[in-house]
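Reader: Could you walk me through this model? I would like to go step by step, with the reasoning spelled out.

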Amino acid sequence: MNDKGRQMIYLLAGGYLVYLAWQMLQSRGDMAGTTLIIATIAPIAFAVFGVALVVSSIRTLMKPEEEESAPDVPGGEEEVQTGEPGHEESTLVEEQRNKEE
């Protein structure tokens, strides 16, 4: 699935969480005590998370799309190699031997 489709699903999920939070707040009714506190805190958490999903997905959808680079094609431009073929860089030990001689 591409990024745009994923962001649309996040947008719908966030909207649904906000809707659920609203329904939960309206259905508190005759609750009291700890149940009322939990029935108030949970929808607020749902709403905050839902709004965050909606806002982040809208921001991502509004960004201009980046151009994708073309995949490497065989026979295209090749990397330029420097140095002579078969020539390996000297190691630290070889450099020390050359200094001693």
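Author: Happy to! This is a predicted model, and a good place to begin is the crossing of α1 and α2, which is left-handed.

Reader: Which residue class is the most numerous in the contact of α1 with α2?
Author: Let's go through the classes. The contact of α1 with α2 includes two charged residues and eight polar ones. The remaining class has 21 residues, and that class is nonpolar.

Reader: How are α1 and α2 oriented to each other: roughly parallel or roughly antiparallel?
Author: Helix α1 covers residues 3–26 and helix α2 residues 34–62, and their axes lie 7 Å apart. They pack at an angle of about 155 degrees. Angles over 145 degrees count as roughly antiparallel. The two helices are therefore roughly antiparallel.

Reader: Which element gives the most to the lining of the largest pocket?
Author: The largest pocket has a volume of about 310 Å³, and eleven residues line it. Asp 3, Lys 4, Thr 60, Glu 65 and Glu 66 lie nearest its centre. Two elements give two or more residues to this lining, α1 and α2. With three residues, the top contributor is α1.

Reader: How many residues of that lining are charged?
Author: The lining of the largest pocket has two nonpolar and three polar residues. The charged ones number six.

Reader: Which element has the lowest mean pLDDT?
Author: For the whole chain the mean pLDDT is 78, and 69% of residues reach 70 or more. Where pLDDT is low, predicted coordinates should not be read in detail. Among the elements, α1 has the highest mean, 91. The lowest, 69, belongs to helix α3.

Definitions and conventions:
Residues are numbered from 1 along each chain as its sequence is written. This is a predicted model: local features need pLDDT of at least 70, side-chain atom pairs count only at pLDDT 80 or more; totals for chains, interfaces and linings use all residues. Side-chain values use heavy atoms; hydrogens and water are left out. Axes are lines fitted to C-alpha atoms, for helices over the stretch in contact, and angles run from 0 to 180 degrees between N-to-C directions. Helices (H or I, at least four residues) and strands (E, at least two) are DSSP runs, numbered from the N terminus. Angles under 35 degrees count as roughly parallel, over 145 as roughly antiparallel, 65 to 115 as roughly perpendicular and the rest as oblique. A crossing is left-handed if the near helix is turned anticlockwise from the far one by less than a right angle, and right-handed if clockwise. Ala, Val, Leu, Ile, Met, Phe, Trp, Tyr, Cys and Pro count as nonpolar, Asp, Glu, Lys and Arg as charged, and the others, Gly among them, as polar. On a 1 Å grid over the protein atoms alone, a cavity is a set of points where a 1.4 Å probe fits but cannot get out, and a pocket is an open set with protein on both sides within 12 Å along at least five of seven lines; lining residues have an atom within 4 Å of a point. Grid points are joined across faces, edges and corners, and a volume is the space filled by probe spheres set on the points. pLDDT is the predictor's confidence in each residue, from 0 to 100.
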